[in-house]
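I am opening a notebook page on a structure that is new to me, and I will write down what I looked up in the order I looked it up.

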Amino acid sequence: MAISRGFRTILPHGDERLQRNDQIFVLARPDEIPVVARAMGKLEAPIQRIMILGGTKVGAQVARQLGDEKIVRSS
């Protein structure tokens, strides 16, 4: 969905190439996450941290539900 490069955010259109230290943002269905992780050279590991962007009612509800499942910890 996006590449963060230094202070720039890039919305790739297919011709963009990843560079060292790029941070990428990917949107995938839960069952596709292992495929994406392997494509990026990452080993499968349990999800330990998540980030919810946006302060909408939906985001708040998701955070509440995850908190109920003891997945989200306050710092």
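I began with a single residue, Asp22, and found that its relative accessibility is 17%, so it counts as buried, the cut-off being under 20%. I note at once that the model is a predicted one, and that I am reading computed values from it.

Next I asked where Asp22 lies along the chain. I found Asp22 in the loop that runs between β2 (8–10) and β3 (23–25).

I then looked up what surrounds this residue. Leaving aside residues up to four places away in sequence, Asp22 touches Ile3, Ser4, Arg5 and Arg17. I also noted that the side chain of Asp22 reaches the backbone nitrogen of Gln19, at 2.7 Å.

From there I turned to the whole protein. I listed three strands and two helices, and along the sequence they come in the pattern β-β-β-α-α. The radius of gyration is 15 Å, whereas the globule rule gives 11 Å for 75 residues, so the protein is more spread out than a compact globule. I wrote down the span of the C-alpha trace along its principal axes as about 40 × 30 × 25 Å.

I went back to burial, now for the whole chain: buried residues make up 12% of the 75 residues, and Asp22 counts as buried. Of the contacts between residues at least 6 apart in sequence, 9% join residues at least 24 apart.

My last entries concern surface and charge. The accessible surface comes to about 7300 Å², with 55% of it belonging to carbon and sulfur atoms, and the mean positions of the 12 positive and 8 negative charges are 6 Å apart.

Methods
Residues are numbered from 1 along each chain as its sequence is written. This is a predicted model: local features need pLDDT of at least 70, side-chain atom pairs count only at pLDDT 80 or more; totals for chains, interfaces and linings use all residues. Side-chain values use heavy atoms; hydrogens and water are left out. Helices (H or I, at least four residues) and strands (E, at least two) are DSSP runs, numbered from the N terminus. The radius of gyration is taken over C-alpha atoms; the globule rule is 2.2 Å times the number of residues to the power 0.38. Buried means under 20% relative accessible area, exposed over 50%, partly exposed in between (1.4 Å probe, protein chains only). Contact means heavy atoms within 4.5 Å. Accessible areas come from the Shrake-Rupley method with a 1.4 Å probe; for residues, only the protein chains shown count as cover. Lys and Arg count as positive and Asp and Glu as negative; His and the chain ends are not counted. The place of a charge is taken as NZ of Lys, CZ of Arg, CG of Asp or CD of Glu. A polar contact is a pair of N or O atoms within 3.5 Å; within protein, one must be able to donate a hydrogen and the other to accept it, and residues adjacent in sequence count only if both atoms are side-chain atoms.
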